[in-house]
Amino acid sequence: MPYDFDTVINRKNTASLKWDVAENELPMWVADMDFQTAPEIREAIEQRAAHGVFGYSVIPDEWYDAYTGWWKNRHGFEMDKDWLIFCTGVIPAISSIVRKITTPAEKVVIMTPVYNIFFNSVLNNGRRVLENKLVYDGKSYHIDFDDLEKKLADPQTTLMILCNPQNPAGIVWDRETLAKIGELCFKYRVTVISDEIHCDLTDPDCSYVPFASVSEECRNNSITCIAPTKAFNIAGLHTAAVSVPDPYLRHKVWRGLNTDEVAEPNAFAISAAAAAFTKGEKWLDELREYIYENKKYAESYISEHIPQIKPLPEKATYLMWLDITGTGGSSSQLAEFIRRETGLYLSDGKAYGGDGEHFLRMNIACPRPVLKDGLERLKSGVEIFVKIK
């Protein structure tokens, strides 16, 4: 492979959220890869930096063309240029949309366990969370559609936030499932925000289905949040997009984003995104292969050495969702114990709602030597925990 994912990059003392930890700790929690971004993106940033003038920026045609071209060629979905609005990030967009199209005390449905910041976007803005808890059968999750319809039918429910693909369980929702969600939301006049930030991080043999591509109902009743930041590891550049096919809904979103002052790019946001979507495909394909091999290695290691833990068979993201029921402890207990005893820092599943208290989330987007270190620490921590439990 022409791209290097094996070299360990020292990220300590770089003001890194992930790596600002104690000396002996190994952070494998937040969704932030330990790989350098694609050389093509670094080159674009360097060229922009060499110009030396960093005034206010506008959104050029190349940005729109990069997004629409990527989704057409990569995902088989044609987006109109007019649908797209620049935003500094997916979460700023979601929080802004919550404020703009719902009123205080209205209800927002999320399917849990799910990305924990969804809770913040709802609760911090004075709205109420309705959890449609995914049903876990010991092997995988499925949607309780009876419960979902009941919650969507509540007159106080005006919005649903969908995670597609799903974080933290790595579920790639199929077209039929998305269509059913779309039909119910349209029936009860509940707008859908589809967070598709992980869409380019599926397994090599797997592709995702854009929610807005499924049906006319899905397209006209949805707001899709997309970005190159997860797939190309450039979250710190604060660059994303919101795609809204319906012109009336789009106007509301546009007004909200501009009122909240999150619709203007920094000097590098456009160049980096355009380079990612026009020049980063080969790098991304090799990244996905590397992450897939990491996943297979981790699954094999856990099966052989840590029988008390069971990874879910996921198809997307670089985040492993680990069933810890076999350890006899809660996620909070085990996460705290492992970090204290071994230095391994994992995400406590309780934060994701639903049945998350029985899971830990582990980020495996790192060079293989780092992954091996993390798995050995996990093994050691679980063995000690079970022994003294």
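Helices (H or I, at least four residues) and strands (E, at least two) are DSSP runs, numbered from the N terminus. The legends below describe a predicted model, in which local features need pLDDT of at least 70 and side-chain atom pairs count only at pLDDT 80 or more, while totals for chains, interfaces and linings use all residues. Residues are numbered from 1 along each chain as its sequence is written, and side-chain values use heavy atoms, with hydrogens and water left out.

**View 1. Ala105, in the loop between H3 and strand E3 (107–112), has a positive phi.** The phi of Ala105 is about 80°, although this residue is not a glycine. At 35% relative accessibility Ala105 counts as partly exposed, a term that covers values between buried (under 20% relative accessible area) and exposed (over 50%), computed with a 1.4 Å probe on protein chains only. Asn13, in the segment before strand E1 (26–27), is likewise not a glycine and has a positive phi of about 60°; Asn13 is exposed, with a relative accessible area of 82%.

**View 2. Helix H3 (residues 90–101) has an end-to-end span that agrees with its number of residues.** The expected span of a helix is 1.5 Å times one less than its number of residues, so the twelve residues of H3 should span 16 Å, and the end C-alpha atoms are indeed 16 Å apart. Buried positions in H3 are Val90, Ala93, Ile94, Ser95, Ser96, Ile97, Val98 and Ile101. Ala93, Ile94 and Ile101 also appear, with Ile161, in a second, separate nonpolar core of 30 residues, where a nonpolar core is a set of buried Ala, Val, Leu, Ile, Met, Phe, Trp, Tyr and Cys residues joined through side-chain atoms within 4.5 Å.

**View 3. The largest nonpolar core has 45 residues.** In soluble globular proteins, nonpolar side chains tend to be buried together. The residues with the most contacts inside this core are Trp63, Tyr67, Trp71, Phe232, Trp283 and Leu287. Helix H1 (39–51), helix H2 (61–75), strand E2 (84–87), helix H9 (269–279) and helix H10 (281–305) each supply at least two of its residues, and the largest share, eight residues, comes from H9. Leaving out residues up to four places away in sequence, Leu287 touches Phe5, Met33, Phe35, Leu201 and Ala231, contact meaning heavy atoms within 4.5 Å.

**View 4. The buried residues of H2 are covered by elements that include E2, strand E9 (222–226), strand E10 (240–243), H9 and H10.** These buried residues are Trp63, Tyr64, Ala66, Tyr67, Thr68, Trp70, Trp71, Arg74 and His75. At 1.5 Å a residue, the 15 residues of H2 should span 21 Å, which agrees with the 21 Å between its end C-alpha atoms. Just after H2, Gly76 takes a positive phi of about 65°.

**View 5. H1 and H9 pack at an angle of about 150°, with their axes 8 Å apart.** The axes are lines fitted to C-alpha atoms, for helices over the stretch in contact, and angles run from 0 to 180 degrees between N-to-C directions. Glu40, Ile41, Ala44, Ile45 and Arg48 in H1 meet Ser271, Ala272, Ala275, Ala276 and Lys279 in H9.

**View 6. An open sheet of four strands has the order E11-E12-E15-E14, with antiparallel pairing.** Two strands pair if DSSP finds at least two bridges between them. Strand E11 (310–311) and strand E14 (347–348) stand at the edges with a single partner strand each, so one side of each is left without a neighbour in the sheet. Strand E12 (residues 319–323) and strand E15 (residues 359–363) run antiparallel and are joined by five bridges, and Met320 stands opposite Met362 in E15. H10 lies across E11 and E12, running at about 20° to E12, whereas helix H11 (residues 331–342) lies across E14 and E15, running at about 45° to E15.

**View 7. The loop between strand E7 (157–163) and helix H6 (175–187) contains Pro165 and Pro168.** The peptide bond from Asn164 to Pro165 is cis, with omega near -5°. The peptide bond from Asn167 to Pro168 is also cis, with omega near 25°.
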